[in-house]
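Here's a quick tour of the model, starting at the metal and then moving out to the sheets. Have the viewer open and follow along.

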Amino acid sequence: MAKKHTARCACGSVTFEFDSDPDFVAVCHCLDCKKASGGEAAVFFGVPEIDFTLLTGEPKAFHYVAQSGKGLDRNFCPECGARVFSSNLESFPGLVFVTVGSLDKPEDIEPKLEMFTKRRLDWATPLDLPQFENMPR
Ligand SMILES: [Zn+2]
Ligand SMILES: [Zn+2]
């Protein structure tokens, strides 16, 4: 039986699933997220590695060192280029970060906070959520 949350890349060759309802769901305005997503912010959440199941596809990992100085692997679909998840997070061992847009039902997981708001561009309106200038920890 499929897990509670299912997700895929734009072309559908990479699919994965997990059961956890994440506690940490961030709208992140940092420069790393801007570069990686191509947008003003990225919306992502943490899923325990043990709950994360890659079903199909062979995502390609790009190792990256964030502005924090901590490394991570950004995984994307080599067919369509969609970014699907980040793993081997030096700052968050045991977690995989999944981008909300990868979900088959993105409406099921809502952001809980906004972070790196110091990097938010002037035209972007704050959401009605806790705001953090940097990382909330
Ligand atoms: Zn794809
Ligand atoms: Zn970020």
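Let's start with the spacing: the donor residues of the zinc ion (ligand 2) follow the pattern C-x1-C-x2-C in sequence. Keep in mind that this is a predicted model. The donors themselves are Cys28, Cys30 and Cys33, each binding through SG, at 2.1 to 2.3 Å from the zinc ion (ligand 2).

How buried or exposed is Cys30? Its relative accessible area is 10%, so Cys30 is buried. Cys33 has 6% relative accessibility, so Cys33 counts as buried too.

Now for the strands. One open sheet has seven of them, ordered β6-β7-β8-β9-β4-β3-β10, with mixed pairing. Its edges are β6 (60-65) and β10 (113-115), each of which pairs on one side only. From one strand to the next, the twist averages 30°. Inside this sheet, β4 sits next to β9 in the order, and Phe45 has Val98 of β9 as its bridge partner.

Another open sheet has three strands in the order β1-β2-β5, and here the pairing is antiparallel. The edge strands are β1 (5-8) and β5 (53-56), each pairing on one side only. Twist averages 25° between one strand and the next. Where β1 meets β2, Arg8 is bridged to Thr15 of β2.

Here are two of the strand pairs side by side:

| Strand pair | Residues | Sense | Bridges |
|---|---|---|---|
| β4 and β9 | β4: residues 42-48; β9: residues 95-99 | antiparallel | five bridges |
| β1 and β2 | β2: residues 15-18 | antiparallel | four bridges |

Methods
Residues are numbered from 1 along each chain as its sequence is written. Chains are lettered from A and ligands numbered from 1 in the order in which they are written. This is a predicted model: local features need pLDDT of at least 70, side-chain atom pairs count only at pLDDT 80 or more; totals for chains, interfaces and linings use all residues. Side-chain values use heavy atoms; hydrogens and water are left out. Donors are N, O and S atoms within 2.8 Å of the metal (3.2 Å for Na, K and Ca); water is not among the atoms, so sites may look incomplete. Buried means under 20% relative accessible area, exposed over 50%, partly exposed in between (1.4 Å probe, protein chains only). Two strands pair if DSSP finds at least two bridges between them. Helices (H or I, at least four residues) and strands (E, at least two) are DSSP runs, numbered from the N terminus. Axes are lines fitted to C-alpha atoms, for helices over the stretch in contact, and angles run from 0 to 180 degrees between N-to-C directions.
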